[in-house]
Amino acid sequence: MIIKKGIGANIGIAIGKAYLVKEDSVLIEKLDLPKDRIKPEIKRFKEAIAKTKEELNVIREQILNSLGKNHAKLIDAHHMILMDPLITKEVPEHIATFSVNAEFALSEKISATIKKFENIEDPFFAERKNEIMDVAKRIMANLSNETKMEIKDLKEPSIIVAHNIYPSDTLQIRKSDKVMAFCMDMGSKSSHTAIFAQSIGIPAVVGLGDISRIIKQGDMLIVNGEDGTVTINPLPEMIEAAKAKMAELKKKESYLLKMKNLTTATRDSRKINLMVNLDPQDDLSEFKKNNTDGVGLFRTEFLYMNRNSIPNEQEQYEIYKKVLSCEPKLPVTIRTADIGADKASNIGIKGIKNEENPFMGFRGIRLFLKYPDLMKTQIKAILRAAYETQAQIMLPMVTSIGELITSKKIISEAKNELLSQGLEFKSDIPVGIMVEVPAAALMLDQFLNEIDFVSIGTNDLVQYLLAVDRVNQYVSELYDPYHPSVIRVLNLIIQTAHKKGKKVSVCGEMASDTYGCAALITLGADSLSVPLKMHLKVKEFIRNSSYEKLISLRQRLLNISDSQEITEIFKGI
Amino acid sequence: MIKKDLKVINKQGIHARPAGLISRTASQFESEIKLIKEGYEVNAKSIMGLLTLAAACGSVITATACGKDEKDAIEALEKIFAAGFDE
């Protein structure tokens with residue numbers, strides 16, 4: 001029994017037999033051909049191309065029928081690669097010039113191209129080399145007359161294990177097919193296979209390093225897409241446990257689905273505002289179906305990533321409009337871009353790379369105030385999209401009152417510009433700050449005169465308060481949202497804001513954790529904002545708890561001296 | 001020879017599908033057509049070359065064409081770039 005840890009690319013659990021997709025990493029032999037063999041060799045190569053072309057046509061047809069036009073377009077690109085002069089012209093030239101075999105000539109040309117991808121920093125473009133590898137492998141297989149074992153030929157339900165699964169392989173797999181899960185050596189969360197697994201809803205673990213060399217054909221596997229583990233030849237009790245977990249997940253899923261239309265209120269009928277955190281790329285229809293109380297945090301930094309230009313006002317406007325018009329009656333808090341820290345961007349801002357301590361560095365409002373035009377463009381787009389909606393603006397990483405005053409000045413400049421342009425916008429948009437730096441928590445009473453609401457970002461607040469970098473493996477276990485100091489600071493923020501009649505919302509992982517959620521309600525938070533996929537789970541917890549009981553625990557909560565005590569306080573809630 | 005700067009405006013940049021469109025378009029012309037990004041030059045008729053450009057949204061690419069249909073070639077490229085490769 002071995003447990004391997006990788007990256008969970010899509011959630012869910014699968015138990016089944018491994019089907020190992022062999023990597024054709026056979027060393028390509030260089031053969032020196034006599035003059036009279038050159039012509040037949042070129043002919044052999046052209047035949048392999050023709051055969052590959054036919055193969056792609058068949059695959060295209062299958063995909064068109066099963067996955068639709070958009071996926072089929074990828075095969076069109078594969079066709080183009082196959083017909084690229086680099087292959088159709090240069091390979092035969094190489095065979096003739098150097099008197100070598102077709103396999104060797106092809107591999108020389110392909111590896112020269114693949115090498116160029118190594119210098120590409122952007123992971124999205126670097127992944128495109130798989131498209132070329134994919135086609136090259138098909139030609140190779142046709143040259144050696146090897147019949148390529150296709151995933152679609154699987155006879156029994158299996159878990160696919162591979163060094164790397166290529167785009168055309170993934171495209172052949174449908175939900176109804178015999179593929180139960182994927183695991184592979186390569187890949188990241190953004191790789192084609194991961195995105196594919198998510199779109200068809202099967203568990204997947206990627207980035208496993210060397211799993212394709214450890215697993216043997218037919219090995220029993222448990223793939224857990226939630227924690228990113230693959231268990232090879234598990235003990236019988238592990239299989240039982242995984243089965244139980246699967247059944248539990250299934251039951252839970254159907255139970256949670258039933259809750260979609262119920263309101264979020266405690267057992268004793270106290271309404272709790274439960275909102276969700278969204279990213280621009282999230283599925284808005286899913287958001288609509290979940291019946292939430294609004295969006296507590298709409299993150300916008302992703303608009304600035306994977307590109308080297310700044311998104312213009314119109315482009316941003318359209319994205320904000322889309323989310324705001326989805327549920328126009330519900331509040332949506334749009335956070336200005338928190339670029340920096342772990343969300344660095346390559347839009348050409350100097351000094352953002354190679355910071356020694358990026359979490360304490362050039363990010364959030366600090367960065368925007370250095371580039372006020374960047375901020376103004378975003379504010380204008382938000383203001384316009386916010387017209388006749390319940391949108392509000394939230395500023396991240398605010399540490400001192402000066403930053404807030406300057407930001408507000410930029411907001412009023414943006415309004416004046418829109419006014420002189422004669423464009424419609426929300427002139428009375430509420431502005432708030434994200435309290436995540438302890439300094440802002442301590443100075444909140446001073447900030448409150450300038451803002452309409454407060455939002456607490458627990459993730460960063462906890463790490464700044466405890467001086468723990470939660471992505472640093474040596475100290476991440478010290479990251480503790482139940483630390484008594486965290487409870488005290490949260491209490492301070494909520495009490496201070498309430499004294500001035502301002503509402504407090506909490507986004508951050510703490511809100512979706514059972515005890516964290518209980519503690520936040522106990523402390524009097526006005527609304528909680530959780531990831532969309534946690535929404536129903538938190539709702540269930542709230543519906544099963546008693547507001548009166550939670551409030552009665554307040555004094556005990558404020559007096560804890562150790563984080564362990566929280567578990568005891570809220571046990572059985 | 002004629003020369004023209006073109007801007008990539010579609011969200012995902014020149015990935016497989018747009019690269020296919022560019023090479024298909026370029027292949028209709030006899031002229032030799034090159035795309036150049038930050039000094040790195042590729043054959044516009046080669047989809048593989050185009051993929052190695054790693055041209056993200058917002059990149060500016062210089063297109064050059066040389067041959068008797070060079071004018072039409074550049075015009076055709078200009079059109080598909082401006083349409084964001086219909087994405």
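Which residue is the bridge partner of I393(A) in β13(A)? In this predicted model, the partner is V431(A). The two residues belong to a parallel pairing between strand β12 (residues 390-395) of chain A and strand β13 (residues 431-435) of chain A, held over three bridges.

That pairing is a good place to start a tour of chain A, for β12 and β13 are both part of a closed barrel of eight strands. The barrel runs β9-β10-β11-β12-β13-β14-β15-β16 with parallel pairing, and the twist from one strand to the next averages 25°. Helix α13 (residues 313-326) of chain A packs on this sheet, where it touches β9 (273-278), β10 (295-298), β11 (331-335) and β12 of chain A. The direction of α13 makes about 155° with that of β11(A). Over the whole of chain A there are 25 helices and 16 strands. Of its 573 residues, 40% count as buried. Among contacts in chain A with a separation of 6 or more, 69% come from residues 24 or more positions apart.

The nonpolar interior can be followed residue by residue. The largest nonpolar core has 83 residues, and I382(A), I433(A), V435(A), V454(A), I493(A), L520(A) and L528(A) have the most contacts inside it. Leaving aside residues up to four places away in sequence, I382(A) touches Y320(A), I334(A), A391(A) and I393(A). I393(A) is thus met again here, both as a contact of I382(A) and as the bridge partner of V431(A). A second, separate core of 54 residues includes I75(A), I81(A), A102(A) and I110(A).

Attention now turns to the contact between the chains, which takes 22 residues from chain A and 19 residues from chain B. On the side of chain A that touches chain B, the elements giving two or more residues are α2 (69-82), α3 (85-88), α5 (102-117) and α7 (129-143). Of these, α2(A) gives the most, with six residues. This side of chain A divides into ten nonpolar, four polar and eight charged residues.

In chain B, strand β4 (residues 60-66) pairs with two other strands. Strand β1 (residues 2-7) of chain B joins β4(B) in the antiparallel sense over six bridges, with L6(B) opposite I61(B). Strand β2 (residues 32-37) of chain B is also antiparallel to β4(B), over five bridges, and here E32(B) stands opposite C66(B). The side chains of β4(B) alternate: I61(B), A63(B) and A65(B) point to one face and are buried, whereas V60(B), T62(B), T64(B) and C66(B) point to the other and are not.

Notes. Residues are numbered from 1 along each chain as its sequence is written. Chains are lettered from A and ligands numbered from 1 in the order in which they are written. This is a predicted model: local features need pLDDT of at least 70, side-chain atom pairs count only at pLDDT 80 or more; totals for chains, interfaces and linings use all residues. Helices (H or I, at least four residues) and strands (E, at least two) are DSSP runs, numbered from the N terminus. A residue is buried if 20 or more other C-beta atoms lie within 10 Å of its own, exposed if 12 or fewer, and partly exposed in between; C-beta atoms are placed from the backbone. Two residues are in contact if their C-beta atoms, placed from the backbone, lie within 7 Å. Ala, Val, Leu, Ile, Met, Phe, Trp, Tyr, Cys and Pro count as nonpolar, Asp, Glu, Lys and Arg as charged, and the others, Gly among them, as polar. Two strands pair if DSSP finds at least two bridges between them. Axes are lines fitted to C-alpha atoms, for helices over the stretch in contact, and angles run from 0 to 180 degrees between N-to-C directions. A nonpolar core is a set of buried Ala, Val, Leu, Ile, Met, Phe, Trp, Tyr and Cys residues joined through C-beta atoms within 7 Å.
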